[in-house]
Amino acid sequence: MAGSASTLWMGDLEPTMDEYFVQQAFSMMGENPVHVKIIRDRLTGLPRGYGFLDFGDEEAAERALLRCNGKPIPNAMQPKTFRLNHANNSTGGGGGGGGGGGYQQQGYANGGGRPQYGSSSNELSMFVGDLSADVDDTLLYQAFSQRYPSVRAAKVVLDPTGLSKGFGFVRFSDGTEYQEALVDMQHSLLVGSKPIRVGVANPRRAAAGPGGQRVFYRNQSSDYY
């Protein structure tokens with residue numbers, strides 16, 4: 001596969017979701033990965049529930065992430081949503097029963113874990129609440145990144161059915177822009193159809209989850225994840 005900038009991790013795959021299925025699912029969403037690799041156990045040959053998709057360039061990968069993440073997967077036998085994130089080249093190919101094929105997903109303890117929406121040591125996370133139902137990752141990202149170039153990611157939190165819970169998080173790499181957004185975006189109508197709330201998202205605690213760590217956030221008196 002190509003470099004990590006053009007590669008996405010995809011998790012929570014059913015055993016029947018092979019390379020062809022994943023390729024077709026993205027095609028139906030208007031996106032076309034140039035290569036799909038489902039990771040399989042080295043001993044049994046069975047899928048491990050995740051894989052990697054190369055989109056050829058960083059722009060195409062970012063577009064696919066924003067447009068598809070959290071959306072229902074077409075033709076899935078059971079209701080299922082896309083679980084996507086950026087991928088990093090790992091230093092090792094994995095050992096034991098199966099490896100990550102030379103890739104490691106960002107924010108995961110290992111290649112098959114679930115993502116933790118957390119910022120790196122030099123990034124700041126902002127809570128965004130009172131989101132209208134039409135706001136997805138793409139709209140949230142665009143609304144903030146058009147005004148603040150240091151925005152690195154945006155995530156609307158979804159319920160198990162793929163519907164928005166009405167809040168999300170935005171990551172900044174610049175502290176000045178972060179502070180400006182806390183003021184300027186409070187009660188803004190630039191995101192969705194109603195005024196939003198913004199606040200500092202602080203890590204509250206980390207609890208062990210399947211395959212890694214799960215990060216929780218606190219915004220003032222309420223807890224979010």
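# A first look at the fold

Six bridges join strand β7 to strand β8, which spans residues 164-172, and the two run antiparallel. Everything described here comes from a predicted model, and this pair of strands is a friendly place to start reading it.

## The sheet and its helix

One of the bridges between these two strands can be pinned to a pair of residues: Lys155 has Phe169 in β8 as its bridge partner. Keep Lys155 in mind, as this residue returns below in a salt bridge.

The pair β7 and β8 belongs to an open sheet of four strands, with antiparallel pairing and the order β7-β8-β6-β9. Which strands form the edges? They are β7, residues 151-158, and β9, residues 197-200, each of which pairs on one side only. On average, and with direction ignored, neighbouring strands in this sheet are turned by 25 degrees against each other.

A helix accompanies the sheet. Helix α3, made of residues 137-145, lies across β6 (124-129), β7, β8 and β9. Its direction is at about 145 degrees to that of β7.

Stepping back to the chain, the secondary structure comes to four helices and 12 strands. The chain has 225 residues, and 44% of them count as buried. Taking contacts between residues at least 6 apart in sequence, 58% join residues that are at least 24 apart. About 11100 Å² of the chain is exposed, and carbon and sulfur atoms supply 49% of that area.

## Charged pairs

Side chains of opposite charge can pair when their charged atoms come close. How many salt bridges does the structure hold? There are nine, and three of them are worth a visit here.

In the salt bridge between Arg63 and Glu31, the closest N and O atoms are 3.2 Å apart. The two residues are 32 residues apart and link distant parts of the chain: Arg63 sits in helix α2 (residues 58-68), while Glu31 sits in the loop between α1 (19-28) and β2 (35-40).

Another salt bridge is formed by the side chains of Asp136 and Lys71, with an N to O distance of 3.2 Å. Asp136 belongs to the loop between β6 and α3 and Lys71 to the loop between α2 and β4 (83-89), so this pair ties together parts of the chain that are 65 residues apart in sequence.

The third brings back Lys155, whose side chain meets that of Asp137 at 3.7 Å, N to O. Asp137 is in helix α3 and Lys155 in strand β7, so the salt bridge ties the helix to the strand across 18 residues of sequence. Elsewhere, Glu31, Arg63 and Arg67 are joined into one network by salt bridges that share partners.

Which of these paired residues are buried, and which are partly exposed? The table gives the relative accessible area for each.

| Residue | Relative accessible area | Class |
|---|---|---|
| Arg63 | 38% | partly exposed |
| Glu31 | 0% | buried |
| Asp136 | 21% | partly exposed |
| Lys71 | 22% | partly exposed |
| Asp137 | 6% | buried |
| Lys155 | 18% | buried |

Lys155 counts as buried because its 18% is under the 20% cut-off. Asp136, at 21%, counts as partly exposed.

## A polar contact from helix α3

Thr138 also lies in helix α3. This residue is buried, at a relative accessible area of 14%. What does Thr138 touch once its neighbours within four places in sequence are left aside? Its contacts are Leu66 and Arg67. With Leu66 there is a polar contact: a polar atom of the Thr138 side chain lies 2.5 Å from the backbone oxygen of Leu66. Arg67, the other partner, is also a member of the salt-bridge network described above.

## Two residues with positive phi

Most residues other than glycine have a negative phi. Two residues in this model are worth a look against that background.

Asp12 is not a glycine, yet has a positive phi of about 60 degrees. Its place is in the loop between β1 (7-11) and α1, and at 23% relative accessibility Asp12 counts as partly exposed.

His187, likewise not a glycine, has a positive phi of about 65 degrees. This residue is found in the loop between α4 (175-184) and β9. Is His187 buried or exposed? With a relative accessible area of 54%, His187 is exposed.

Conventions
Residues numbered from 1 in each chain as written. Predicted model: local features only at pLDDT ≥ 70, side-chain atom pairs only at ≥ 80, totals over all residues. Heavy atoms only, no water. Pairing = 2+ DSSP bridges. Axes fitted to C-alpha atoms, helices over the stretch in contact; angles between N-to-C directions. Contact = heavy atoms within 4.5 Å. Salt bridge = Lys/Arg side-chain N within 4 Å of Asp/Glu carboxyl O. Buried < 20%, exposed > 50% of the residue type's maximum accessible area, 1.4 Å probe, protein only. Areas by Shrake-Rupley, 256 points an atom, 1.4 Å probe, with all protein chains shown as cover. Polar contact = N/O pair within 3.5 Å; in protein donor to acceptor, adjacent residues only side chain to side chain.
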